[in-house]
Amino acid sequence: MRKNRFLGVWTVLVFAFLLLPLVIVTITAFGEANVVQFPIQGFTFKWFGKALSSNSFMSACFYSLRLALVATLLALLVGIPGAYALARYSIKGKQLIKSFFLSPTIVPGTVLGFALFQVIVVQLQIPYDIGLLFGHFLIVLPYVIRIVGSSLEQFDFSIEEAAWTLGCGKIKTFFTIVLPNITSGISSAFLLAFINSFNNVPVSMFLIGPGTTTLPATLMGYLESGYDPTVPAFSVLMMLATIGIMFVVEKTLGIAALSK
Amino acid sequence: MAFFNLQDINVSYDKKNNILEGLNLEIEKGELVSLLGPSGCGKTTTLRVVAGFIEPTHGQFILDDTDMTKVPVHKRNFGLVFQSYALFPHLSVFDNVAFGLKLQKVSKEEIKKRVENILEVCDLKGFEKRFPKQLSGGQRQRVALARALVVEPKLLLLDEPLSNLDAKLRINMRVEIKRLQRKLGITTIFVTHDQEECFSISDKVAVMNGGVIEQYDTPENIYRTPKTEFVARFIGFENFIDLKRKDAHTYIASDGSEFVVDNGCDKEDPKGTIRPEDIQIVSSQDNVENKITGKVIVRTFLGKSYQYELDTPLGVIVVNGSSDHVLQAQDTVCVSLPKGKIVLV
């Protein structure tokens with residue numbers, strides 16, 4: 001009994017530790033003063049208005065959304081067939097290939113970012129937006145391959161063979177039989193990849209350029225020059241958006257689909 | 001030429017070891033042939049060659065005078081039922097069965113008619129809207145069968161389709177499969193490792209071992225007169241006794257005793273074999289053929305009988321005895337091997 005109570009208190013503490021910063025950020029967004037302070041003095045919504053009317057914030061936000069979407073779609077386009085090939089055929093060095101695809105999640109982001117900067121920006125002089133897209137594609141590809149791969153590992157490939165024997169060609173079978181049975185894996189992969197690209201700082205820092213600034217980079221840049229509650233206000237808006245997305249996901253797929 | 005012909009098929013994954021070696025198999029139209037053997041004997045590989053999943057490294061597959069060796073899977077029009085049934089989880093029973101017909105561009109009304117018809121034949125009426133995970137094992141099995149049969153395949157291939165069912169359902173299903181196969185007159189290959197299942201259902205049985213067919217014959221002939229030691233062991237023969245030929249019906253054992261048999265063979269030193277249940281326990285005074293005396297070492301209760309292992313001058317002999325008269329360990333007994341029951345391999 002005592003042990004349980006201790007566990008209960010511990011759980012509350014851990015949650016408080018995780019949630020308190022978010023609560024504080026949320027509160028500071030409503031302060032009237034020109035600097036972020038806690039506790040706040042006065043109460044206002046003006047910083048939300050400022051955040052939403054800020055050109056640099058909004059354009060960076062849309063740029064980040066676009067970047068995350070395109071990088072994720074590209075990763076799905078490459079990653080799904082890749083994961084399929086890895087799961088379906090016994091390829092030589094299969095484990096090695098799998099670890100290779102996992103490596104961007106193990107190598108520190110700054111190392112990856114610097115390496116990409118050296119090659120893409122310095123050596124090849126590829127335009128900034130394409131370089132950034134490529135960087136993000138590399139960050140999210142492992143998520144796609146691993147998550148889609150694990151849902152393909154549970155797929156019974158005799159189902160695919162059954163479709164072949166019934167007169168369905170291989171490519172058609174992939175679209176009509178295999179894909180519909182791994183949709184939960186694909187949507188989880190999409191969400192995780194999208195969020196990882198949207199949140200990424202270390203790789204972006206090396207690859208952004210004029211006109212191609214991601215939201216996290218803009219927020220950090222803004223904090224360096226000023227310290228008014230626009231950033232907390234914008235963070236609150238993003239939290240609300242995330243909660244909204246999670247709500248929709250829960251209603252349609254179930255959160256459990258993400259952790260599979 | 002027979003309707004179905006596998007000619008000199010070799011299959012190898014690494015170019016060194018052959019999974020199948022010089023395999024030949026002929027099947028007449030409308031026959032049900034079983035491939036029987038232990039796991040790893042090549043029976044499933046043979047089926048996969050026929051289905052088109054594996055291209056043989058050597059040899060030809062001819063069906064109805066057409067060379068099918070290089071025809072891709074989806075152009076063969078064979079029905080295949082998998083061990084795991086392999087139903088499409090995201091499609092209803094109706095859509096599962098209709099899948100093949102839709103690809104053949106059959107009209108909507110025709111699809112509806114044929115699917116309903118086959119579902120009725122397979123005793124699945126009323127299940128059209130259910131999904132595979134809402135069905136029992138036996139029902140899934142029948143859906144898989146219906147899906148394979150509805151396209152009117154040239155060949156029906158069954159890969160251990162009954163091994164995931166419980167014992168009672170298995171017997172019902174094999175009667176069902178036999179009935180459907182007869183009714184539709186469809187040439188069928190049935191892969192199994194269960195000899196009872198295979199004997200009860202097949203017109204012919206091919207016993208496989210190590211990538212070759214050891215014997216291809218009717219179930220009765222295989223049961224009564226296995227041709228090789230492997231086949232004999234696989235279908236329940238025990239007691240392999242080394243013999244030397246004296247004349248066509250007389251053979252000498254290692255201790256000098258003579259054995260008379262009804263069915264002789266040409267081999268100089270064959271092995272005589274007999275099932276434990278065919279050996280008779282006799283009294284020492286009886287004047288019977290092929291008498292051996294031995295001592296009981298192990299007794300096992302089998303239900304309707306006891307099984308004894310006897311230590312004899314010819315090695316260990318396994319005998320089934322009735323449960324009326326129970327022998328004890330260390331008892332000395334005489335047994336007779338009826339000459340009509342001994343098979344030489």
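This passage walks through the two chains of a predicted model, from domains to contacts to cores. Residues are numbered from 1 along each chain as its sequence is written, and chains are lettered from A, with ligands numbered from 1, in the order in which they are written. Because the model is predicted, local features need pLDDT of at least 70 and side-chain atom pairs count only at pLDDT 80 or more, while totals for chains, interfaces and linings use all residues.

Chain B is divided into domain 1 (4–224) and domain 2 (237–344), with bounds from an automatic or database domain assignment. Their C-alpha centres lie 40 Å apart.

In chain A, the unreviewed UniProt entry annotates residues 61–249 as "domain: ABC transmembrane type-1"; such annotations may be inferred rather than shown by experiment. This stretch is 81% helix and 0% strand, where helices are DSSP runs (H or I) of at least four residues and strands (E) of at least two.

Where the chains meet, 14 residues of chain A are in contact with 19 residues of chain B (C-beta atoms, placed from the backbone, within 7 Å). Strand S6 (78–81) and helix H2 (93–103) of chain B each supply at least two residues of this side.

Turning to the interior, the largest nonpolar core has 96 residues, and Val97(B) and Ala146(B) are among those with the most contacts inside it. Such a core joins buried Ala, Val, Leu, Ile, Met, Phe, Trp, Tyr and Cys residues through C-beta atoms within 7 Å, buried meaning that 20 or more other C-beta atoms lie within 10 Å of a residue's own. Helix H4 (residues 137–149) of chain B gives the most, with 6 residues.

Definitions and conventions. Contact = placed C-beta atoms within 7 Å. Buried ≥ 20, exposed ≤ 12 C-beta atoms within 10 Å, placed from the backbone.
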